[in-house]
Amino acid sequence: MSSLPYAAPAPNSHAPGRSRGFSLTNLNITRKLALGFAAVTLVSVVVAFLVMRAVDTMETAGRDYEIANRLLTNIGKAEAANIDRMNLARHYLLSLREDIQKRYFALTKDFDKAIDAAKKDAAGDQLLQDSIENIRTMARQWTSEFGDPGVSYAAKPDTYSRGRELITSSAGSEKAAMARSAISEVQTKIASWLDDVTAKKNDAASIVKNVQLGGAIGIVAILVLIGWWLSHQIARPVSRMTGAMRALASGDHTVAIPAVGRRDEVGQMAAAVATFKEAAIAKLRLEAEAEASRAAAEAERAASAAAKAEEDRQDQVAIAALGEGLDKLAQGDLLHRIDAPFPDKLAKLRADFNDAVEKLQQTLASISTSVRAIHAGTGEISSAADD
């Protein structure tokens, strides 16, 4: 009997005592796909969160940028109103025109309106509001001490010189310089804040761009990694299993079954293929045993037929020898003996025949002797009678 390849049965992954620790390989296909989707979703959520934070920072910086620009604009309006008011006070000294006087007092309202708007934009920053209010204080000192009294005095001929003195005095110039210094200080603060806001806005925009780019790269990398992992976990074992099934179908029962022992669907498929392999091997073994049994039976039948033929031949030989012996006996040949070998079951017949012939020969010999003796006696008697 030819030896058959034998494959050990697939290990039982659920056998008692076998470790059931967590393994990504043993997750079923649905969970593998869900895990891949969750990874992509998580990366997308993280990227979206970072982008939202960066966008929120950029929007906040944008609002602060607008506020800073409005502050600079309103402070600029206040500065322009204050300068124009000083210039109009001096111009009024030269022209004494009533319209210039009205414009001068109107600019005070414009100045206060610009300061109020600036303080409103600076809401939440008390230090900045105090600095803006300090501009109003410095400007009002010049207005209340020099500007308004000087214009009022200059409107009257008898006090014109007093008004001229107030508007052109060095003390008034110092107060005006203090107001301009306060305005310049606030403008410097706002400009510095605007620079910071612009930097934050640009940084936020850069972060949004980088996060979007990095997120896209990260998602693509995750997708490639998940694709490779799913291919390694599902596609490749299934492809190898397909090759193993083809090899089994072609009669190669030595092929190794991949993914045996896994507890996912691929492992279940591997266990089924291993069962098919074992069944095929068992079938071959049974067929070989049946063929061997048939060959043994056929050999036994052939040996039995040969033995029967030999026995028949020996019987024919015995019958022929016995027939020849009887013929010889019938012809009176008492010296003939059967020398041909008889089968065991007929050996006694040969011996009995030979013994019988031997005894017959002896009997006949005795009779012949007796007859001769009688004949001899008879002759003697006859001779005596004759005598």
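## One pair within helix α2

In helix α2 (residues 98-121), E98 and K102 sit four residues apart, which means that about one helical turn separates them. This is a predicted model, and in it the side chains of these two residues, E98 and K102, meet in a salt bridge, at 3.9 Å from N to O.

How exposed are the two partners, E98 and K102? E98 has a relative accessibility of 52% and so counts as exposed. K102 counts as exposed too, because its relative accessibility is 54%. The cut-off for that word is over 50%.

## A pair that joins two helices

Let us turn to another pair. E133 and K119 also form a salt bridge through their side chains, with 2.8 Å from N to O. Here the link is between distant parts of the chain: E133 belongs to helix α3 and K119 to helix α2, and the two residues are 14 residues apart.

E133 counts as partly exposed, at 24% relative accessibility. K119 is partly exposed as well, with a relative accessibility of 24%. Both of these residues also belong to a network of salt bridges, in which D112, D116, K119, E133 and R136 are linked.

## A pair within helix α6

Helix α6 (residues 265-330) offers one more example to look at. E310 and R313 both lie in this helix, three residues apart, or about one turn of the helix. Their side chains meet in a salt bridge, 2.4 Å from N to O.

E310 has a relative accessible area of 33%, so E310 is partly exposed. R313, at 44% relative accessibility, counts as partly exposed too. The structure holds eleven salt bridges, and the pairs described here are among them.

## The largest pocket

Now for the empty space. Rolling a probe the size of a water molecule over the atoms shows where such space is left. In this model, the largest pocket contains about 170 Å³ of space.

Which residues line the largest pocket? They are I67, D121, A122, A123, G124, D125, L127, L128, K189, I190 and W193. By kind, the lining divides into seven nonpolar residues, one polar residue and three charged residues.

Two helices, α3 (126-154) and α5 (170-249), each supply at least two residues of this lining. Which of the elements gives the most to the lining of the largest pocket? That is α5, with three residues.

Conventions
Residues are numbered from 1 along each chain as its sequence is written. This is a predicted model: local features need pLDDT of at least 70, side-chain atom pairs count only at pLDDT 80 or more; totals for chains, interfaces and linings use all residues. Side-chain values use heavy atoms; hydrogens and water are left out. On a 1 Å grid over the protein atoms alone, a cavity is a set of points where a 1.4 Å probe fits but cannot get out, and a pocket is an open set with protein on both sides within 12 Å along at least five of seven lines; lining residues have an atom within 4 Å of a point. Grid points are joined across faces, edges and corners, and a volume is the space filled by probe spheres set on the points. Ala, Val, Leu, Ile, Met, Phe, Trp, Tyr, Cys and Pro count as nonpolar, Asp, Glu, Lys and Arg as charged, and the others, Gly among them, as polar. A salt bridge is a side-chain nitrogen of Lys or Arg within 4 Å of a carboxyl oxygen of Asp or Glu. Buried means under 20% relative accessible area, exposed over 50%, partly exposed in between (1.4 Å probe, protein chains only).
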